[in-house]
There are 2 protein chains.
Amino acid sequence: MTSTGRPPLRRERIMESAVALADRAGLEAVSMRAVAAELGVVPMALYKHVADKDDLVGGMIDTVVAAYPTPNPSGPWAARVRAAVLGARAAMLRHPWMRPAIESRHAPTPIVLGHMEAIGAAMRDGGLSTDLVHHAMHAMGSRIWGISPESFAGAGAAAPDEATAAAVASRFPTVAAIAAETAATGGECAAEAEFAFVLDLLLDAIERLHATGWRSGRGAATAR
Amino acid sequence: MTSTGRPPLRRERIMESAVALADRAGLEAVSMRAVAAELGVVPMALYKHVADKDDLVGGMIDTVVAAYPTPNPSGPWAARVRAAVLGARAAMLRHPWMRPAIESRHAPTPIVLGHMEAIGAAMRDGGLSTDLVHHAMHAMGSRIWGISPESFAGAGAAAPDEATAAAVASRFPTVAAIAAETAATGGECAAEAEFAFVLDLLLDAIERLHATGWRSGRGAATAR
DNA sequence: ACCTGAACACCGTTCAAGT
DNA sequence: ACCTGAACACCGTTCAAGT
């Protein structure tokens, strides 16, 4: 007799399980063995539906990206891009493992290309040249995915007690001043404001280039 | 008799070995066991000089960052920041594993804080407020380290033959146009130009905010 | 003091076998 | 067709032992 009443293993079910596990226990808890255990199945069973672990993580990203809201394709291009990115970010906050997952991968799946295409197309619709769209995508970087590309998020976290905090402050006064200011303004929602601020800064810089009839080949955004 | 003529194990020697191994075989080849073998030593011997693998990777990053050139502390702030970042980037190109290494870490070491401080201090010297310096650091993101925060670097790499390339082009025309344009302009050095372009775009946007007497609290860089 | 051997609790993945 | 068991070649890390 086959194992009682267990629904057949399908790729979709594997991905849902893996995403739920990552939400609960982090990306490093997602192993072939752990996902299999989650599904009441032996590790090898997964390999009928998933090529290898890379494919598993790619599928997890696809699952989340496929659920991004698709914003209204009207209005100015910058507003459309802003809505798409903030929509992605809202989804991302529920899946913190997406940042390391995306950053560890090097090839985009078709679903992931679809999200890039939607943002690029909004810019082209706004009249931006392919060239400028290209540069704009680079400027956005991983922010396109609703994730911040900030290395060492908790820069102030290196100072546990007051004595060493003072030592850090004297050696790294600028870094310490930034950390103190952030702590005073209330860290949690400050991160959201920061994300939106930088997004707008970039959209604004790009819009300005476009408005002033920027063309590639001058080598840089500005003579320096 | 102790093992013939082998110099005593020191942290510095371990880091040099690990960096050389990563340069040669990539970050994923750097295991405690592989580094130990490189040094002709049993894995456990490393633990006298290194707390754990995280400490090993942190030490590798420190080794490279400590060798960043320190640019002349004169001239306008944007030029100083530009020189520091491009100096970091030059070092980075010799150590491609630095991107995944930095992105996988969450706490900065003092040496790494020192590099952030140098860039932040250059901005403060230029008269930027702590607040604006903070936002500027976020805008730069990991570019501060001389690495580009580009997810899925080879976006066009998903199309091996011409038939599927055409399929990709029809589904993702904007992405395909960008890929085609990049290929035409010669990919390798284009990446360098791209890095400098975006860096200048960001420095320019920040300089503009500073020049127009920007103050925090308006919520965003621009009304939208 | 400095290094080692053996062991523990994990990985991803293969292959041939079960039902 | 779909799942399993046993095994292979790895990990990081611990602990008690050697010299």
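The following exercises, each with a worked solution, concern a predicted model of two protein chains and two DNA strands.

In this predicted model, local features need pLDDT of at least 70 and side-chain atom pairs count only at pLDDT 80 or more, whereas totals for chains, interfaces and linings use all residues. Residues are numbered from 1 along each chain as its sequence is written, chains are lettered from A and ligands numbered from 1 in the order in which they are written, and side-chain values use heavy atoms, with hydrogens and water left out.

**Exercise 1. Describe the fold and surface of chain A.**

Step 1. Begin with the secondary structure, in which helices (H or I, at least four residues) and strands (E, at least two) are DSSP runs, numbered from the N terminus. Chain A has ten helices and zero strands, and its pattern along the sequence is α-α-α-α-α-α-α-α-α-α.

Step 2. Turn to burial, where buried means under 20% relative accessible area, exposed over 50%, and partly exposed in between (1.4 Å probe, protein chains only). Of the 224 residues in chain A, 46% are buried.

Step 3. Consider the contacts, a contact being heavy atoms within 4.5 Å. Among the contacts in chain A with a separation of 6 or more, 72% are between residues 24 or more positions apart.

Step 4. Finally, take the accessible surface, obtained by the Shrake-Rupley method with a 1.4 Å probe; for residues, only the protein chains shown count as cover. For chain A this surface is about 10,700 Å², and carbon and sulfur atoms contribute 58% of it.

**Exercise 2. Determine how chains A and B are related.**

Step 1. Two copies of a chain are related by a rotation about an axis and a shift along it.

Step 2. The copies are superposed by least squares on the C-alpha atoms of residues with pLDDT of at least 70 in both. Chain A is superposed on chain B by a rotation of 180 degrees with 0.0 Å of shift along its axis, and the RMSD is 0.0 Å. The two copies are therefore related as by a two-fold rotation axis.

Step 3. Both copies use the same surface, since 100% of the contact residues of chain A recur in chain B.

**Exercise 3. Identify the protein residues around each DNA strand.**

Step 1. A residue is near a strand if one of its heavy atoms lies within 4 Å of it. DNA strand C has 13 residues around it, of which A:Arg33, A:Tyr47, A:Lys53, B:Val42 and B:Met44 come nearest. Of the atoms of DNA strand C within 4 Å of the protein, 43% belong to sugar and phosphate.

Step 2. DNA strand D also has 13 residues around it, and A:Val42, A:Met44, B:Arg33, B:Tyr47 and B:Lys53 come nearest. Here sugar and phosphate supply 49% of the atoms of DNA strand D within 4 Å of the protein.

Step 3. Sort the residues by class: Ala, Val, Leu, Ile, Met, Phe, Trp, Tyr, Cys and Pro count as nonpolar, Asp, Glu, Lys and Arg as charged, and the others, Gly among them, as polar. The surface near DNA strand C has seven nonpolar, two polar and four charged residues; near DNA strand D the division is seven nonpolar, two polar and four charged.

Step 4. Examine the phosphate oxygens. For DNA strand C, one lies 3.4 Å from a polar side-chain atom of A:Ser31, one lies 3.2 Å from a backbone N or O atom of A:Met32, and one lies 3.0 Å from a polar side-chain atom of A:Tyr47. For DNA strand D, a backbone N or O atom of A:Val42 lies 3.1 Å from a phosphate oxygen, and a polar backbone atom of B:Met32 is 3.2 Å from one.

**Exercise 4. Characterise the surroundings of A:Arg89 and A:Ser148.**

Step 1. A:Arg89 is located in helix H4 (residues 77-93) of chain A. A:Arg89 counts as buried because its relative accessibility is 9%.

Step 2. A polar contact is a pair of N or O atoms within 3.5 Å; within protein, one must be able to donate a hydrogen and the other to accept it, and residues adjacent in sequence count only if both atoms are side-chain atoms. The side chains of A:Arg89 and A:Glu192 form such a contact at 2.7 Å.

Step 3. A:Ser148 is found in the loop between helix H7 (130-140) and helix H8 (162-171) of chain A. With 10% relative accessibility, A:Ser148 also counts as buried.

Step 4. Beyond its neighbours within four places in sequence, A:Ser148 is in contact with A:Arg89, A:Arg99, A:Ser142 and A:Phe195.
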